[in-house]
Amino acid sequence: MVLENVIVAGVTVFALALTVIAAAAYRRTGERSLLMLAAAFALFLAKGVALSLGLLLRLLFVPDLFVLSSAFDVAILALFFVYTLRR
Amino acid sequence: MPRAMRLRLEDASVLLAGLLAALLLLASFAPSGVGKGVDVDDDTIDDDLEAETARAVVAVAVPAPFPNQIVVTSRSVGAEVDDAFDLTFEDGRFDLAYFREAGTETAAVGYRLEFRDLVEWRNGEEVGDAVDVRELLRRGTVRVNATRSISLDGENVTTFQIREVTGLFGVDLHVAERFAKWTPTLVLSPMEVKMDIFIEGYPFVAADTDLALEIRVRVLDGYDVSEAHPSRDVQEGYSGVDEREIVVSAGELATFFAWAETATVDGAERPVAVTDLRFEPEEGEWSLAFVYPQGQRIVHDPKLGVVSQAFEEIVTRPKEPTLTPDPFLFSLSLVVLAILVLAAVSLRRRRR
């Protein structure tokens, strides 16, 4: 079973879609909160791309995967945290 | 359709997303391929295990240019404490020694194996004159030929052919650095030396007799000798044929001499009888005999090996799970999900 391939593809696709939607919404409304949301989704996209490359090019071992994935999660959560505090 | 019964697009999207997430979550709890190896070379051995348990082997026939002796040294690689075993053939004797720690000079356990006589038997009684195999395999009359070949799964195998001048009795030894698919039904283990015994053209004097190959095993004081049926390899699933073995052990450390319970006699597989293992106090040796049905060409396959503690340590240590890239599945997932996302966004826009 190679479930990790489906999951990583899913992360990448949904993150790309959400980044585009959030960026388009910011462009339409100019609301700064949407900019932060787009940035967070862009980080998800970067995570998806990094995990995809790491998986397909066999650059990642499970411990590295944990560190990389968690690092992105921390950055994303930090953005949400800042966004929440500013509201 | 009544309005209450219509499913809104948003509800459908939420339901679909929820269903997808639930499926992925459930699938992640299923036994997965993550952490489990593959067997690309189709030798029934996990490829990761095969790589981790490969041994460094030096196998040579000496002295040049007319070798009549064999020296094999096999050392584990990558264990916390690497072990080693030596197998030598000289003057008609096979000596197997296991060293718990590679590099030490004193073997932890081992034995000496000799083929003694070939003799016709009828109901356990000798018929005619015996052929002294030990004498045939002694230095002056034996030649050793070493060849290197590639197994069915691409592994390096060294084969030694021990032949004596009459052509009556011969032995092949096969040594591998890794698990190697030698035949469609036989995988060589790096912890063993596979032996093929050939008996051709024995001059039988009677038609109703069997042929006994008398064997001697000598061990140092303090080692334990026992029989096992079936062999450890059979019990642990490393052998696909019925086997018995003699185990020479010192505590938890062990070496063995194992043999298949059948032999090929004139092209047909026939059962091999084995006499009881006995200690001969006058000679200080253990004795047994393989008893083959009468035939002009007899091929039997025993093996000499060690229970490698390094192998056990490598096999039982916790495995780090691995990731399995599948470019096709990844690409397919990308495309399918992208279509779903675009379709959802498009439908959403049209509804607006």
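Contact here means heavy atoms within 4.5 Å. The structure shown is a predicted model.

**View 1. Surroundings of A:Thr12 in helix H1 of chain A.**
Beyond its neighbours within four places in sequence, A:Thr12 is in contact with A:Leu45, A:Gly48, A:Val49, A:Ser52 and B:Leu334. The relative accessibility of A:Thr12 is 12%, so the residue counts as buried, the cut-off for that class being under 20%. Helix H1 (residues 3-29) has the highest mean pLDDT among the elements of chain A, at 92. The lowest mean, 82, belongs to helix H3 (residues 62-86) of chain A. Over chain A the average pLDDT is 87, and 95% of the residues score at least 70.

**View 2. The aromatic pair B:Phe94 and B:Phe115.**
Ten aromatic pairs are found in the whole structure, over all chains. In the pair shown, the rings of B:Phe94 and B:Phe115 are edge-to-face, with 5.8 Å between centres and 75 degrees between planes. B:Phe94 belongs to strand S4 (residues 93-99) of chain B and B:Phe115 to strand S5 (residues 109-122) of chain B, so the pair ties together parts 21 residues apart in sequence. B:Phe94 has 0% relative accessibility and is therefore classed as buried. B:Phe115 is likewise buried, with a relative accessible area of 0%. The two residues also belong to one aromatic cluster, made up of B:Phe89, B:Phe94, B:Phe115 and B:Phe169.

**View 3. The aromatic pair B:Tyr202 and B:Phe204.**
The ring centres of B:Tyr202 and B:Phe204 are 5.0 Å apart, and their planes make an angle of 65 degrees. This pair is edge-to-face, because planes over 60 degrees apart fall in that class. Both B:Tyr202 and B:Phe204 are buried.

**View 4. A salt bridge between buried residues, B:Asp83 and B:Arg55.**
Over all chains, the structure holds 27 salt bridges. Here the side chains of B:Asp83 and B:Arg55 meet at an N to O distance of 3.0 Å. B:Asp83 sits in the loop between strand S2 (69-76) and strand S3 (84-90) of chain B, while B:Arg55 is in strand S1 (residues 55-62) of chain B, so the bridge ties together parts that are 28 residues apart in sequence. The relative accessibility is 0% for B:Asp83 and 5% for B:Arg55.

**View 5. A salt bridge between partly exposed residues, B:Glu200 and B:Arg297.**
The side chains of B:Glu200 and B:Arg297 form a salt bridge of 2.9 Å, N to O. This pair links distant parts of the chain: B:Glu200 is in strand S12 (residues 192-200) of chain B and B:Arg297 in strand S22 (residues 297-300) of chain B, 97 residues apart. B:Glu200 has a relative accessible area of 35%, and B:Arg297 has a relative accessibility of 36%.

**View 6. The salt bridge between B:Arg278 and B:Glu280, and a salt-bridge network.**
In the bridge between B:Arg278 and B:Glu280, the closest N and O atoms are 3.2 Å apart. B:Arg278 is exposed, at 52% relative accessibility, whereas B:Glu280 is buried, at 17%. The network joins B:Glu114, B:Arg116, B:Arg134, B:Arg216, B:Arg218, B:Glu283 and B:Glu285 through salt bridges that share partners.

Conventions. Residues numbered from 1 in each chain as written. Chains lettered and ligands numbered in written order. Predicted model: local features only at pLDDT ≥ 70, side-chain atom pairs only at ≥ 80, totals over all residues. Heavy atoms only, no water. Phe/Tyr/Trp six-rings, centres within 6.5 Å; stacked < 30°, edge-to-face > 60°. Helix = DSSP H or I, 4+ residues; strand = E, 2+ residues; numbered from the N terminus. Buried < 20%, exposed > 50% of the residue type's maximum accessible area, 1.4 Å probe, protein only. pLDDT = per-residue confidence, 0-100. Salt bridge = Lys/Arg side-chain N within 4 Å of Asp/Glu carboxyl O.
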